[in-house]
Amino acid sequence: MRKPIIVGNWKMNKTISEAVSFFDGIKGKLHNDADFGIGAPFLTLKDSVLTADGLFVAAQNVHFEESGAYTGEVSLPMLQEVGVSWVILGHSERRQYFNETDTDINKKAKKCLAADVTPIICVGETLTQFETNETESVVRTQVKGTLDGLSVEDVKKLVIAYEPVWAIGTGKNATKEIAQNTCAIVRDEVRVLFGEDAAEAVRIQYGGSVKPDNIAEYMAEADIDGALIGGASLKVDSFLAIVDAVKQ
Ligand code: PGA
């Protein structure tokens, strides 16, 4: 049985004081029916880790080198020093605006897993790819590329987030059938590459305009183990409404 995993992705939102006040606002209101986490901006990570109670704090990116001449980048030792042990990798906004490739994401994933940091690896097709029926091949290629060379044990630990680019921040969420169908494809690709045990263990999230009023229908699907949530994770009220909606 896979434990549900609900992660907010704040993107480039919230100052340190705003992050702290969010974590204060949700204190004591979570439950154990799911794992909860928040992907917070780098500058807020230290204070977020200190204030977050009952949920993990994830970075939204990391560099694959430990140190060096990479102006503007942040390394794994820097994250670990402030108590961060989760990282969102390869979000479509990183792929789209910062040219991240499957190869980059794969390098980062390997470094994270070697350092005991758990990656949430994002995959998903663009609107054009969706309209030209390329979803399956795009997603299989992304899973293969980002997980290349990982061990079965590593794959069992990590999380994959399926986020159709056309559903992110648009209010146009994928139907539960589309989300389930593509998450099943993701799981099948894991099965092909790493075997049945890895496919059964890996947790797969859906992301893209998930809200308090639609989370339950996604969570009811067999291959959807959680959600990666942007806009609806920014406010205490809507985050807590999602928390309540996944209580069993
Ligand atoms: P959204 O973002 O929930 O605002 O659509 C999801 C994401 O980008 O992870």
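Let me begin with a term: when I speak of a polar contact, I mean a pair of N or O atoms within 3.5 Å of each other. Please also keep in mind that what you have in front of you is a predicted model, and that the distances I quote were computed from it.

With that cut-off in hand, we can turn to the ligand, where a backbone N or O atom of Gly230 sits 2.8 Å from one of the ligand's oxygen atoms. Taken by itself the ligand would expose 280 Å², and the protein buries 95% of that area. Side chains take part in polar contacts as well: an N or O atom in the side chain of His91 is 2.6 Å from an oxygen atom of the ligand, and a polar atom in the side chain of Glu163 lies 2.6 Å from a ligand oxygen.

Which residues are closest to the ligand? There are 13 residues around it, and the closest are Lys11, His91, Glu163, Gly169 and Ser209. If we sort this shell by class, we find seven polar residues, four nonpolar ones and two charged ones.

Let me move on to the largest pocket, which holds about 380 Å³ of space and has a lining of 14 residues. Nearest the centre of this pocket are Lys11, Met12, Gln60, Arg94 and Phe98, so you will recognise Lys11 from the list of residues closest to the ligand. Helix H4, residues 92-97, supplies the largest share of the pocket's lining, namely three residues. By class, the pocket lining is made up of seven nonpolar, four polar and three charged residues.Finally, a word on the fold as a whole, which has twelve helices and eight strands. The radius of gyration is 17 Å, close to the 18 Å that the globule rule gives for 248 residues, and the protein is therefore as compact as a globular protein of that length. Along its principal axes, the C-alpha trace spans about 45 × 45 × 35 Å.

Methods. Residues numbered from 1 in each chain as written. Predicted model: local features only at pLDDT ≥ 70, side-chain atom pairs only at ≥ 80, totals over all residues. Heavy atoms only, no water. Near = heavy atom within 4 Å. Polar contact = N/O pair within 3.5 Å; in protein donor to acceptor, adjacent residues only side chain to side chain. Areas by Shrake-Rupley, 256 points an atom, 1.4 Å probe, with all protein chains shown as cover. Nonpolar A, V, L, I, M, F, W, Y, C, P; charged D, E, K, R; others polar. 1 Å grid on protein atoms, 1.4 Å probe; cavity = no way out; pocket = protein on both sides within 12 Å on 5 of 7 lines; lining within 4 Å. Points joined across faces, edges and corners; volume = space filled by probe spheres on them. Helix = DSSP H or I, 4+ residues; strand = E, 2+ residues; numbered from the N terminus. Rg over C-alpha atoms; globule rule 2.2 N^0.38 Å.
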